Amino acid sequence: MHIEETIAELERVAAREVGRGSEALAAPAAGGLLAAARSLASATAPDAAVLTGFFIPGAEPPAAETDGPLGAVQLAAAVRLLGGRCRLVTDEPCAPVVEAAVATATPGLPVDVAPLRGYEEWAAALLPRYARLTHLIACERVGPGVDGRPRNMRGEDISAHTAPLDRLYASGSAFRIGIGDGGNELGMGRLPAELVGRVVASGERIRCVVGADALLVGGTSNWAPRSAWTVSTGPRTPNPSPASPNWLGQAGRCGWLGRRPQ
């Protein structure tokens with residue numbers, strides 16, 4: 001099988017249907033995995049930031065998803081294996097899950113944590129550094145809808161629990177990669193609005209309007225980074241996040257491991 005065909009098959013497998021319309025959403029994003037991997041692999045010294053974290057106010061107790069942070073550390077490790085630098089970016093409500101993932105899989109990886117109060121000052125201090133990045137990657141990070149507000153799959157406004165990291169994501173000239181599974185994540189603005197509205201429940205209301213240069217759609221968002229890892233670094237490279245009880249347990253103690261609607 002030709003390499004492009006193999007990558008396309010990986011992309012299709014990552015987007016396999018789990019009941020949320022991922023296969024339909026993935027169709028117009030086809031080629032995103034190849035474009036993302038080529039961009040990362042061709043950079044002399046990639047310098048990237050991975051934005052992640054999706055808070056679930058209705059969880060018991062309220063917490064961030066583990067879908068997203070687990071994939072984000074895979075992406076960060078891949079960038080480092082390519083000889084580059086990478087850091088994760090999240091906000092205060094999601095920080096416990098993201099930091100648990102980092103501590104278990106990639107100790108020492110920098111994590112920038114955005115405050116909910118004082119965000120503008122925090123972002124202004126970081127913008128000069130972020131403007132020099134080669135890549136900005138969003139992995140299961142909620143983004144603004146048509147009304148400017150981030151919404152979960154129920155259509156609920158979760159801006160009270162969400163820092164506007166989309167402003168960092170849209171800054172500078174970095175190559176932007178988006179990863180999501182429900183239409184309301186950063187990068188999904190690349191998809192036709194009509195498609196998201198038709199395939200996703202409340203899609204017209206929740207769909208994120210922020211696009212990306214390359215979009216990866218997963219049946220669950222964590223599946224797409226595994227494909228990106230394989231294509232960018234090679235299938236025999238050890239993965240930094242084995243699905244072991246220790247690895248999942250660390251994140252599970254801080255966040256929501258289930259795939260309930262956010």
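**Exercise 1. The sheet**

Task: In this predicted model, what is the strand order of the open sheet, and which strands are its edge strands?

Solution:
- Step 1. The open sheet has six strands. Their order is 5-4-1-6-7-8, and the pairing is parallel.
- Step 2. Look for strands that pair on one side only. These are strand 5 (111–114) and strand 8 (214–217), the edge strands.
- Step 3. Add the twist. From one strand to the next, it averages 20 degrees.

**Exercise 2. Register around strand 7**

Task: How many bridges link strand 6 to strand 7, and how many link strand 7 to strand 8? Which residue in strand 7 is the bridge partner of I137?

Solution:
- Step 1. Take strand 6 and strand 7. They pair in the parallel sense over five bridges.
- Step 2. Move on to strand 7 (residues 175–180) and strand 8. Here the parallel pairing runs over four bridges.
- Step 3. Trace the residues. I137 has I177 in strand 7 as its bridge partner. I177 in turn has A214 in strand 8 as a bridge partner.
- Step 4. Add one more pair. L215 in strand 8 stands opposite G178.

**Exercise 3. A helix across the sheet**

Task: Which strands does helix 4 lie across, and at what angle does helix 4 run to strand 4?

Solution:
- Step 1. Locate helix 4 at residues 69–81.
- Step 2. List the strands that helix 4 lies across: strand 1 (47–53), strand 4 (85–91), strand 6 (135–141) and strand 7.
- Step 3. Read the angle. Helix 4 runs at about 160 degrees to strand 4.

**Exercise 4. Helix 1 against helix 10**

Task: Are helix 1 and helix 10 roughly parallel or roughly antiparallel, and which residues meet?

Solution:
- Step 1. Get the geometry. Helix 1 (residues 3–14) and helix 10 (residues 223–233) pack at about 165 degrees. Their axes are 9 Å apart.
- Step 2. Apply the cut-off. Angles over 145 degrees count as roughly antiparallel. The two helices are therefore roughly antiparallel to each other.
- Step 3. Assign the hand. The crossing of helix 1 and helix 10 is right-handed.
- Step 4. List the contact. Helix 1 brings I7, L10 and A14. Helix 10 brings W223, A224, S227, T230 and V231.
- Step 5. Sort these residues. Six are nonpolar, two are polar and none is charged.

**Exercise 5. The whole chain**

Task: How many helices and strands does the chain have, and what percentage of its residues count as buried?

Solution:
- Step 1. Count the elements: 11 helices and eight strands.
- Step 2. Turn to burial. Of the 262 residues, 56% count as buried.
- Step 3. Check the contact range. Take contacts between residues at least 6 apart in sequence; 74% of them join residues at least 24 apart.

Note on methods. Residues are numbered from 1 along each chain as its sequence is written. This is a predicted model: local features need pLDDT of at least 70, side-chain atom pairs count only at pLDDT 80 or more; totals for chains, interfaces and linings use all residues. Side-chain values use heavy atoms; hydrogens and water are left out. Axes are lines fitted to C-alpha atoms, for helices over the stretch in contact, and angles run from 0 to 180 degrees between N-to-C directions. Angles under 35 degrees count as roughly parallel, over 145 as roughly antiparallel, 65 to 115 as roughly perpendicular and the rest as oblique. A crossing is left-handed if the near helix is turned anticlockwise from the far one by less than a right angle, and right-handed if clockwise. Contact means heavy atoms within 4.5 Å. Ala, Val, Leu, Ile, Met, Phe, Trp, Tyr, Cys and Pro count as nonpolar, Asp, Glu, Lys and Arg as charged, and the others, Gly among them, as polar. Two strands pair if DSSP finds at least two bridges between them. Buried means under 20% relative accessible area, exposed over 50%, partly exposed in between (1.4 Å probe, protein chains only).
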